[in-house]
Structure formats: C-alpha cells, structure tokens
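Visitor: I am new to this structure and should like a close look at a single part of it. Could you please choose one helix and describe it with care, together with its setting?

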Amino acid sequence: MTATRRGFLKALGTAGIASAVRDLSASASGLPDSAEPMGVLVDIPNCIGCRKCEFACQEAAGFKVPPIEAFEDKSVFAAARRPEPSAYTVVNESRNGSDLSLPVYTKVNCLHCNEPACVSACLVGAFEKRADGAVVYDPWKCMGCRYCMIACPFQIPTYDYDNALTPQVRKCNFCADRLARGDVPACVRICPNESLIFGKRSALIALAHDKIRKVPDKYIDHVYGEFEAGGTSWMYLSSVPFEQLSFLNLPSVAPSHLTEVIQHGVFRYFIPPLALYGLLGLIMWIGRRRDDSETRDVRDEGRSPRVARFAQDPRGPASPVYRREDVCVGAGAYGEST
Amino acid sequence: MNGHVLAQPVPRTLATPGVFTLLALVAVGLMVSAHRFLFGLATVTNLDQQHPWGLWIAIDVATGVALAAGGFTTAALAHVFHRKEYEVIARPALLTALLGYTFVGLGLMVDLGRYYNIWHPILPGMWQGNSVLFEVGMCVMCYLTVLYIEFLPVVCERFIGDARFPRLGKLCAAINRLVAKTMFLFILAGVVLSCLHQSSLGNLMVIAPSKMHPLWYTPILSLLFLLSAIAVGFPMVVFESLFASWSLRLKPEMDVLSKLARYIPAVLGVYLAFKVGDLAIREAFVHVASWSVPSAMFLGEVILGVVVPGALLLSQKVRNNTRMLFVACTMIVLGVALNRVNVFLVAYQPPYATRTYFPSWQEFAVTIGLVSALILLYRLLVTWLPVATPHGKSRTG
C-alpha cells in the first residue's frame, strides 16, 4: 500500500477524534443534516450472520422477496457468494479467525467509493456520486457497455444479462431515496446486533479508531475503506486480517486517478491534438509545394515515378474522370489496362 | 488529392463458391444476432457478472479498430508525407478502414445491453470528459464520419459522366469539386482522430490495475496501443491487398507493397523496444518465464507477431517474394489481434472470478458473420466503385 499525500492528509483529518465523535452523536437520529458524505461502519466481529440485511435489502429494492424465515437458511454459506442482479448485498461465512470453530461473517455490497471508478468510467454519466455519499445509477442514460463493471475495483456492479430489452446495471444504491428523506439504509435499520453503524463518514472513521483503541483485543488496527481505492463510504472493522476475509489489498489511490491524468494530459486545452493537426498540416503543405514545383519541372521528362507509369498507359495520361466504357465491359477489360 | 489515381471498378462476378460460403456464414451470424436481440445476452454469450467483456469487445471492437489502422497510416504516408506512389493503395486502405469501423459499430450494437442508446454520447448533457470510453466513442464517431467524407469522391466518380443519370452525375461532380478543395482538412483530422482513439483504446484497461495481469498492465498501455496500431497499419494494407488480388485474380501490386514493407521493421522495432523496455522497468519479466497460459500468449504475441515477422521483413528477398511477404504481414496482423485479445480477455483476471471466460460458439458465430459480411461488402464495393487501380496484366482476367 502506498502512502500518498492524500492518504496522509486524510490521516491528519482523523486526528480530531473528539470533535468527530460529537458529530456522530449529533446525527445519532440518522438524519444526514448536511452535505457531508454519509457512510456505514461494518463491525464484522458483531455480525452474527442472520442475513436479515439481505432480506431488508431485497425488500427495499422492490424485488419479490421470500419470507424473512427463508433467509435463516445457513446452507448458502457453503460457497462464497457475490452480489447479483437480484441481491445487492450478500453475507458470506468464513472460518479464518484464531478460533476456527467461530465463523466470521462479512457483508458484501457496493462500498460507495469517494472517487468511484464506475463514475469515472461511464461515458454517458449514468453513475453519480451524490453529496450524501451514495453512488447512484440512471438506467435511462445507460448504453449497457458494462465498462463500469470492468472499472470497479471491488467487482460490485452486476448486469441483467437475461433481459433482452431493458437490462440494467444492478448494485446497492445506499438506499438513496431513503437517505434523501432522512432515513437510514434498510440493511442498517434491520441489523439486530449493531454490526452496521450509519453516520457521517468522518465521524465513523473517528469512531472506528476509537473502538480499535478501546478494545484492541477485538479489532486489528486497520479500518478497511478509510484509504482503500481512495477511500469508501462503507468501512469495515475486523478481528482478523482483511485478506483472510477475501477483502482485496488495494492501493490508496483511486483507480480512476491515472486514467484521468493521462486523458486530461492528452487533451489539455486541446493543445496536443491541435498541435499534431498543425504539425501534420505543415508537413503536408511543404510536401505539396515541393511536389508542385518538381512536377512542373520534370513532368515531361517523366522522372516522377507516378507520372512515368501513367505515361505508358495507352489510354493517355491519368485522368480522374471515370468513363463508363473503360470498365464493366467484360472481365478482361480491367486486366488489360497496361 | 485523388486526381493522380485512375481507380476503376473491377468487373468480377459475385457468383463464386467463396462468396456463397461467406453468405452462409453471414446467415448464421444473423440468426444468432436475432436470437440475442430477442432473448438477451445471457442466451448466447458466456459473459457473466465477473466477465462483462468478451469476444465481441476483444475482436469486433478492439481488434477491428486496430486492423482498420491501415486507413490512417496509408493516408498519412500518401497524402500527408506526400509519397504519391502509395496513392494506389490509399483507396483500398480507406475502404478497409471505412468498412472496419462500420463493423466496429455494428459489432458494438450486438454487445451493448441498451444498443438503442448508442447515440447518447453525442448529447452534451451526457458528456463525461473523465471517461476514457467517452473519448474513444467520440473519436470513433468523428473518424467514421471523416472516413465517409473521404470516401465521397469514390462514390461520386462512379456517377460522373454516367449517361443514364445525367443529373446525378452533375451533382456528383459538384460534390467532388467541393470535397476535393477541403479534403486535406479531413485527411489531417482523420490522422489526428486515429492517433487519439487508437491510444485511448489502450488506456481503457488502465482503470483496472488490480484485475490486470502484470504482463499487460502498464501505465503506457495507450502508447503501446498507438505504436502497435501504427505498426499493423502497413502489414494490414499488404495483407488485404494481396488477399484481394488473389481473390479478384489481379496482379499483386508487388512494386508498391514491397516498398511499403520497408517501413514495417522500423515501426515494429520501436513498438518492440517500448514493450520490452516497459517490461524491464516494471520488472515484470518474471511473469514471462512462468510458463502459464498468459506467458505463452505473451510470448506468442511478441515472438510470432513482432520479432519473427519483423526480422523476416528486414530481408529484401522476403519483401520481394509475394508469398513470403504475405506470410510475414499475416503474422503481424495476427500478432496485433492476439495482443488485443490478450489485453481485453487473457489479462483481465478479476480476483473474485470463480471460472475463466471462454466464448460460446454463438459469440464466435456472430464475430465470424461480421467478418464475412465485411469481406463480402468489400468485394461488392470494389466491383462497383472505383477503388482499385488497374496495374500490370491480370493473370486470368
């Protein structure tokens, strides 16, 4: 992981923990009271794998949801799952802790990056990072190119491959409409064990470090999402190293940083393309002028290879004018042109 | 600009076994495409949630764009750098590029989930200047327009002096005069637009560093794409010209083509130097010796696609031998195609993928159908419009 200047500045920002924690209590009602980005802190050790968040998510997304009891089925934990068009969040079980008999549950969904690669990648602006932190999608703009899926470092967006006419990119939208009316995301609302904590992102970072400091036996000293991929709205606390829970080891620079630097470099004030245009134009102009004077001098002597070839043409000098009788007479006419 | 060239339609029948074979392949591709449009991508492709891009993006779009580079490289050589002896191949190269880009668009339509929104990037309200794909899309759209304008004289000449349509002929003559005066603007624009989107096409995958195999992931992927596009331009022109002359039973334009081939080793050398240098700087050479599928694909792309044909073309004997020239240029064309497949498919290894992607037969059918349709249209247009320039004696007529 590279320590970038941006990462350093963010680390500085978390120094004022006390004030940040006050911020958290101020928004304890869950109401986003400012344009400051909100977030969710996932306390992985607190998760009991009840999968109620999966139920609440599907219900909030307006899917046809099986009764909540169906989500008590633990057999789904047999294999690691990924989000799907019909399930924006899934809970996986792993047994990687110090005590192998104790399972660890991790909730997988969109992390709502601070600088989302999907937003940068989308050529028609179908993705948007809202001020409240949510990364939302507009299907009416979307062309269905799926470049967002290529770009996302967390492999979150999914696609309606089986919809022939109006397929959509599907992912968690942070319950953007609930956020807009001052509510918390459905998964946070239903979580029974304080595994999901909603609040201002800055306050959550302070809270996370506070938790780590107060209960060092419970948590490793790493807030996943604080810096990963340029920082994310969803962040995680864990008791075991994140790599053991299938979290990706990502640099703290947003993936879109480099592509945007290159792209904006090539198009800086349109100077490079226009300069190339001008340079090629100059080369063309010089070549033409030289050629004009040369052909004037040597045309009759036949030194120019192009002229020489056509001088031997029995039909006379090259002419751009198309004559019907020259062609389409028969297969032989074309070949006998010399 | 085209006044020096006496291009003419090639009177050849369309009723050949090759044409019928191509028609059959087009029909299969059309049927699979119809299936895709009626029942969705899931029913015909092996794409999944971890592999959003497949054969259609790698071949129909990325390789299609790369192999259409013969258009701008030849235009630059013949018109910008004023090597007039190459004007005879400028029109066939232009037609190849025109058809190539047209089929890139068609191939993309099959792949896009909401193909009916393909025009959205032209709406200023949706412009997204941070997106590499936006730049690629806009440049390709503009370049396709430029290609059609550059092709206008070819169509116009067909009707000028046509006794059956005197009015159309006059109109065409007027258009031709107008286009001829401004053509240099479009030729320059075509070269600049090509440089821009050929390179940006490589920049596309730079956004996914954590998913890309280190043999191909490099910040200078856009530069490598531009260099390889320029490098494949002339080989593609040679390949297409020799292929067409055999198919149409014309004498190969060997005097022009072997001269053109002199440039190829130099450009390939620059490309190779950057590719190897980049690998050395990133210390990614260990992955070459890992003897995995990626390392084999990488070696195939570099040795069979760049080193061997580049070395072959250094020899004048090879350049003057029709068959050897064709073999060498075909290797380069396949090498660059393999590079695009490698970058977009082989190198793309998302960490959460549970299986590897391999295209379904339907995906192959659509791609083969598109290529067949392109070849058919090329043949049709060459026999109908003044594209090729008569030269030497026909072998059979």
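Guide: What follows is an account of one helix of chain B, then of its surroundings and of the confidence in the model.

The model is a predicted one, and the part chosen is helix H9 of chain B, residues 263–281. Its length may be checked first. At 1.5 Å a residue, the 19 residues of H9(B) should span 27 Å, and the end C-alpha atoms are indeed 27 Å apart, so the expected and the modelled spans agree.

Which residues of H9(B) are buried? They are Ile264(B), Pro265(B), Val267(B), Leu268(B), Tyr271(B) and Lys275(B). Viewed down the helix axis, these buried residues of H9(B) fall within an arc of 165°, and they therefore line one face of the helix. A general rule helps in reading such a pattern: an α-helix has 3.6 residues a turn, so residues three or four places apart point the same way. On the face of H9(B) turned away from the buried side are the exposed residues Ala273(B), Gly277(B), Ala280(B) and Ile281(B).

The buried residues of H9(B) are covered by elements that include four helices of chain B: H7 (221–247), H8 (254–261), H10 (293–312) and H12 (322–346). Just after H9(B) comes Glu283(B), which takes a positive phi of about 55°.

The wider setting includes a second chain. In the model, 71 residues of chain B are in contact with 67 residues of chain A. On the side of chain B that touches chain A, the elements giving two or more residues are helices H1 (17–39), H3 (70–80), H5 (132–159) and H6 (166–203) of chain B. The residues on this side of chain B comprise 39 nonpolar, 23 polar and 9 charged.

Finally, some remarks on confidence. Chain B has a mean pLDDT of 93, with 97% of its residues at 70 or more. Residues 1–5 of chain B, however, have a pLDDT below 50, and this stretch has 15 contacts in the model beyond near neighbours in sequence. Over residues 392–397 of chain B the pLDDT likewise stays under 50, and the model has 16 contacts for them beyond four places in sequence. Where pLDDT is low, the predicted coordinates should not be read in detail. For the complex, the predictor gives an ipTM of 0.93 and a pTM of 0.87.

Note on methods
Residues numbered from 1 in each chain as written. Chains lettered and ligands numbered in written order. Predicted model: local features only at pLDDT ≥ 70, side-chain atom pairs only at ≥ 80, totals over all residues. Expected span 1.5 Å × (residues − 1). Buried ≥ 20, exposed ≤ 12 C-beta atoms within 10 Å, placed from the backbone. Arc of directions from axis to C-beta. Contact = placed C-beta atoms within 7 Å. Nonpolar A, V, L, I, M, F, W, Y, C, P; charged D, E, K, R; others polar. pLDDT = per-residue confidence, 0-100.
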